[in-house]
Amino acid sequence: MKFELRRPPAKEEAIYKTLYLKRSLAERIEQIAAENKTSFNNVVISMIESCLKED
């Protein structure tokens, strides 16, 4: 599934959650973030939003 990196919108209310990821998955996300000059968090949020988006 292809996802689009989102650009952070104006500040919205947020909460803090902890996720445990396999090292290999975290490394892949870090690579995507570096290639797109964005944060690890932005990549993860973009992926989640893309998967939850109703077409």
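## Briefing on a two-helix chain

The secondary structure of the protein chain amounts to two helices and zero strands, and the model described here is a predicted one. Along the principal axes, the C-alpha atoms of the chain fill a box of roughly 30 × 25 × 20 Å. Of the 55 residues in the protein chain, 16% are buried, and the points below follow how some of these residues, together with several exposed and partly exposed ones, are placed around helices H1 and H2.

**The chain as a whole**

- Among contacts in the protein chain with a separation of 6 or more, 63% are made by residues that stand 24 or more positions apart.
- The chain exposes about 5400 Å², and 53% of that area is supplied by carbon and sulfur atoms.
- Its side chains include 10 positive and 9 negative ones, with the centres of the two sets lying 5 Å apart.

**Helix H1 and its two sides**

- Helix H1 runs over residues 23–35, and because 13 residues at 1.5 Å a residue should span 18 Å, the distance of 18 Å between its end C-alpha atoms agrees with what is expected.
- The buried residues of H1 are Ala26, Ile29 and Ala33; they cover an arc of only 65 degrees around the axis, which means that they sit on the same side of H1.
- These buried residues of H1 pack against helix H2, which comprises residues 40–52.
- On the face of H1 that is turned away from its buried side, the exposed residues are Arg28, Ala34 and Glu35.

**Leu21, in the segment before H1**

- Leu21 belongs to the segment that precedes H1, and its relative accessible area of 37% is why it is classed as partly exposed.
- When neighbours within four places in sequence are left aside, Leu21 is in contact with Ala26, Ile29 and Phe40; two of the names in that set, Ala26 and Ile29, also appear among the buried residues of H1.
- Leu21 and Ser39 are separated by 18 residues in sequence, and their C-alpha atoms are 16 Å apart in space.

**Lys37, in the loop between the helices**

- Lys37 is placed in the loop between H1 and H2, just after H1.
- Although Lys37 is not a glycine, it has a positive phi of about 50 degrees. As background, most residues other than glycine have a negative phi.
- With a relative accessibility of 77%, Lys37 lies over the 50% cut-off and therefore counts as exposed.

**Ser46 and Ile45, in helix H2**

- Ser46 lies in helix H2, and because its relative accessibility is 3%, which is under the 20% cut-off, it counts as buried.
- Apart from its neighbours within four places in sequence, Ser46 is in contact with Phe3, Glu4, Leu5 and Arg6.
- Ile45 is likewise found in helix H2, but its relative accessibility of 26% falls between the cut-offs of 20% and 50%, so Ile45 counts as partly exposed.
- Leu5, one of the contacts of Ser46, stands 40 residues away from Ile45 in sequence, while the two residues are 8.6 Å apart in space, C-alpha to C-alpha.

Note on methods:
Residues numbered from 1 in each chain as written. Predicted model: local features only at pLDDT ≥ 70, side-chain atom pairs only at ≥ 80, totals over all residues. Heavy atoms only, no water. Helix = DSSP H or I, 4+ residues; strand = E, 2+ residues; numbered from the N terminus. Expected span 1.5 Å × (residues − 1). Buried < 20%, exposed > 50% of the residue type's maximum accessible area, 1.4 Å probe, protein only. Arc of directions from axis to C-beta. Contact = heavy atoms within 4.5 Å. Areas by Shrake-Rupley, 256 points an atom, 1.4 Å probe, with all protein chains shown as cover. Lys, Arg positive; Asp, Glu negative; His and termini not counted. Charge placed at Lys NZ, Arg CZ, Asp CG, Glu CD.
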